[in-house]
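Biologist: Could you take me closely through the nonpolar packing of this model, and set it in the context of the chains that contribute to it?

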Amino acid sequence: MSDIARARGIRRVVRATLGRAYPRIIGANRERSWLFYDTILPLLGTIAFVYVYKALGAPDRFVGYVIMGGATMAFWMNVMWNMAAQFYWDKQGGNLELYMVLPCGIVPILLGMSFGGFIGTLVRAVAIIVIGSVLFHVTYTITQLPLFLLIFAVGIIALYGLGVTFASVFLMWGREAWHMAELFMEPVFLASGFYFPVRALGFWVGMGTSIIPLTLALDAMRQLLFPESHPALLPVRFELTALVGLAVVFIFVARLSLRKMEYLARREGRLSLRF
Amino acid sequence: MSNLAIETQDLVRTYRARKAPGNPLGAPVVALDGVTLDIPPGEFFGLLGPNGAGKTTFIKVLVTLLLPTSGSARVAGFDVVGQAQQVRERISMVSGGEHSGYGLLTVREQLWMFSQFYGMPTRTALARIDELLRVVGLYEERSRRVSALSTGMRQKMNMVRGLLPDPEILFLDEPTVGLDVEAARDVRAYIKEWIHAAPGRTILLTTHYMHEAEELCDRVAIIHKGRIVACDTPAALRRRTAGGTYFILTTEPLDGTAWVSQVPGVQRADARASDGRTELRLQLADDGVIAGVVKALADRERRIFSLQKIEPSLEDVFVQIVGRRLEEADEGGRA
């Protein structure tokens, strides 16, 4: 074996995770265009809904719903375009086969993608909230900040767990990841209640769409930001419990799907473009 | 445990194929057809063959990217199916035309990222990155974005990436493809230096450049349609070629050449007249026989203009074994 110092076990997992997160955090921000594409453009959609609500004379809290939805949407877009579809892009660029033969395994690579993507998206989401709130004079009443942060964290873990599962699925069956990601955009914007309280779709439809972690996370966070005025789908504690359940299930499913994906890909030669 | 660096036994790999005019039943495509090879530690081994011969599939099985359909393969003594993790701890791979990594990162950042996947401490990694960048002549470009590198620079960076973890076994899949002459020469020079810098380092190189295999490899296997059709040192392969070494001798016009065949040791002599000269193509029992031919010409007062010793190349070996030149085989493979 080589004389060069190389960590193993958890230290290697941490280093590999941070290594993979690096281009997400540093690299992406080198292209200043993200300010336009990831902040200004989503804000335009958000602002359009704000004016719809204003034109209808809806209560001010609806403006807050929309801004929260716009910020949360950034995470969904990050999960779909930069997590679920990432292996597909990596396969096209030749990274995937290098990742698959790394001694650290693929898990730290995915953790790094998630962590880096989350940090990068957090900046964008905060920018949307700050700009939107300042523009439209939205005020929030966070009565239970720790609970709010806990819901956000659990929701994000469940969401990125779903992203990892999708990454495996896209790799194996996604002929064109672009189209697959598109497929999950607009319907999810509608079904998860990004721009309105999901309860408006009806209780059972709302429950059905709760398979997407953002549905419950957004509803719970809105309840905490606009207490007593938000039409809740479920009480916050139930939504938190369900989110924890989703997080566990998605992480478990992600692990299984990754193993299965690696086996199938090695058997069928789907990790690389040329033989 | 085997002490071979790479060992394969009857290795077979097939791919599912769709129905097509050339394959109406959708029969599986056989990429590797019973490959058996032993490569000891420390050897620079070349796998030579046209496009579609099975070279890359062979590497992909060995680096654990593909499962064999049947047969077995061991790398550094570990089974590529059941002990993939142990194999991955000991290998590295660089492919030609590779566009791995992220264009927004600088060369140094990109290499640092890969070093982290091997768990290298940052200080160690950066020192090693700088050292390797200097060796391949890319140090001055360390702060340049990857997206701004030329193909040659990029491939040098890929080589550094492959060597960063100091692997026991390095797999090089057409590492100089697409490079200009100078860059390809630099890459070849460096890998030749690397393998000899420490005992036990092994390289498996796939290439369809004959001269590359000839220049670099201790042993070469010729793979054709998924089968190893010859495997030996380049010199032994050349010796095996029908015709072997021959001489071309240009002299003043000769009236007849029958007497040349009478010189002891001359196995075959063919003459061709052109531009008022005679060109003799001589196949001899050994190199010393040429002295007798020269003396016989001097006795006949014929001036010698030139004398050339021609050794068969791997290209000749390839043509003899496969029946076509490598470029023709490539075109056949692509058709």
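Modeller: Chain B is divided into domain 1 (6–237) and domain 2 (246–310), with bounds that come from an automatic or database domain assignment. This is a predicted model, in which local features need pLDDT of at least 70 and side-chain atom pairs count only at pLDDT 80 or more, whereas totals for chains, interfaces and linings use all residues. Residues are numbered from 1 along each chain as its sequence is written, while chains are lettered from A and ligands numbered from 1 in the order in which they are written.

The largest nonpolar core (buried Ala, Val, Leu, Ile, Met, Phe, Trp, Tyr and Cys residues joined through C-beta atoms within 7 Å, buried meaning that 20 or more other C-beta atoms, placed from the backbone, lie within 10 Å of a residue's own) has 143 residues, and those with the most contacts inside it are B:L62, B:V75 and B:F171. Its largest share, 15 residues, comes from helix 3 (residues 61–84) of chain A, helices being DSSP runs of H or I with at least four residues, and strands runs of E with at least two, numbered from the N terminus. Leaving aside residues up to four places away in sequence, B:L62 touches B:I6, B:A73, B:V75, B:V80 and B:F171, where contact requires C-beta atoms, placed from the backbone, within 7 Å. A second, separate core of nine residues includes B:V260, B:A269, B:L280 and B:L282.

As for chain A, it has twelve helices and zero strands, and 46% of its 275 residues count as buried. Residues 24 or more positions apart account for 81% of the chain A contacts with a separation of 6 or more.

Technical notes: Buried ≥ 20, exposed ≤ 12 C-beta atoms within 10 Å, placed from the backbone. Contact = placed C-beta atoms within 7 Å.
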